[in-house]
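Me: I would like a close look at one strand and what lies on either side of it. After that, please go on to the cysteines and the ligand.
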Amino acid sequence: EVVVVGSCMTDLVSLTTRLPRAGETILGHKFFIGFGGKGANQCVQSARLGAKTSLICKVGKDSFGNDYVENLKKNGISTAFVGQTADAATGTASIIVNSEGQNVIVIVPGANLLLNFEDLKRASDVICKAKVVVCQLEITPAVSLEALKMARASGVKTLFNPAPALPDLDPQFYTHSDIFCCNETEAEILTGIPVGNLEDAEKVGHMLLERGCKLVIVTLGAEGCMMISVEEPIPKHVPAGKVRAVDTTGAGDSFVGALAFYLAYYPKLPMEEMIRKSNCVASVSVQASGTQSSYPFRKDLPQDLF
Ligand code: ADP
């Protein structure tokens, strides 16, 4: 089983011709609600590839929370450890996008920040019996770290995605991640190295290995990924296929969710092969608009991915 400990966010998206100035009211031409949050996104992608999944998270006792639980169930995710709290609202991302595709975003984590050690304890059975535990940083970082520690203590593989990045990440995150997977922005915030090409990513990889990571993946958008590990300290480039990208929002989460699936269900595959397959899944997600709505199902993918 793939267990994700992380966030749920309701995306409230308004499309306008331009972004409003302070104090200004403008008209938009379209509004929609989407399901987001890095934890849930990654879990949904894993589930759509056929993984048995549990999401450990917290939403509000409100209509967004109720809708989110329904969404998880529709995706076949176990909601046994989805808490609903009356003390905060479901996490939201209020997003305004102008006609050039530029956006302004306000995130209110709300209930996500109330996920706590008690919740992890209640879920300790599923965490400790998982094949892979996946964490990010859209919940209280100490809770993510505790989940990684619980998994580690039971010999469960840990996949950590330091997103959104924190400049002074607790160094224990490096030593408690079997796989540390970040994008270019996160890599720069963590190491101070701006990543514009493969060589920069390789420098990041070496630096993160020195900090105690066992295996580092830096995702490079259309360029695919860079991987480096303690076992194979020569960096490898794993390119992504050439596709026509329509909307790359949530591509990183599609990649992490897919990687969790391969780690859990094809543990004997070489890491490079798992990354190549995960690139394929994520590159399909960028060819449709939306976040979870663009994530492919197993039946829609080339069967040689399985
Ligand atoms: P994030 O969404 O976190 O910014 P990236 O942009 O690095 O992450 O994308 C994550 C993964 O999604 C890449 O490693 C790649 O597999 C896939 N991907 C992203 N953009 C493209 C693209 N334009 N063409 C093909 N694959 C892409």
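How many bridges join strand E1 (residues 2–5) to E8?

Reply: Four bridges join E1 to E8, and these strands run parallel. The model is predicted, so local features are used only at pLDDT of at least 70 and side-chain atom pairs only at pLDDT 80 or more, while totals for chains, interfaces and linings use all residues. Numbering starts from 1 along each chain as its sequence is written, and side-chain values use heavy atoms, without hydrogens or water.

Strands (E, at least two residues) and helices (H or I, at least four) are DSSP runs, numbered from the N terminus; two strands pair if DSSP finds at least two bridges between them. On the E1 side, Val 4 has Val 134 of E8 as its bridge partner. E8 is also joined to strand E9 (residues 157–160), again by four bridges and in parallel. There the partner of Cys 135 is Phe 160 in E9.

Next come the faces of E8. In a regular strand, side chains alternate between the two faces of the sheet. E8 covers residues 132–135, with Val 132 and Val 134 on one side and Val 133 and Cys 135 on the other. These four residues are all buried, that is, under 20% relative accessible area (exposed is over 50%, partly exposed in between; 1.4 Å probe, protein chains only).

Cys 135 leads to the cysteines. The structure holds zero disulfides, a disulfide being a pair of cysteine sulfur atoms within 2.5 Å. The sulfur of Cys 43 is too far from its closest cysteine sulfur for a bond, because the one in Cys 57 is 8.3 Å away. Cys 213 is in no disulfide either; the nearest cysteine sulfur, in Cys 182, is 8.3 Å away. Both are buried: Cys 43 has a relative accessible area of 0%, and Cys 213 one of 1%.

Last is the ligand. It is surrounded by 17 residues, the closest being Asn 183, Thr 219, Gly 221, Gly 252 and Asn 279; a residue is near if one of its heavy atoms lies within 4 Å. H10 (271–285) and H9 (251–265) each supply at least two residues of this shell, and H10 gives the largest share, three residues. An N or O atom in the side chain of Asn 183 is 2.9 Å from a ligand oxygen. From the backbone, an N or O atom of Gly 224 lies 3.0 Å from an oxygen of the ligand, and a polar atom of Gly 252 is 2.8 Å from one.

Conventions. Polar contact = N/O pair within 3.5 Å; in protein donor to acceptor, adjacent residues only side chain to side chain.
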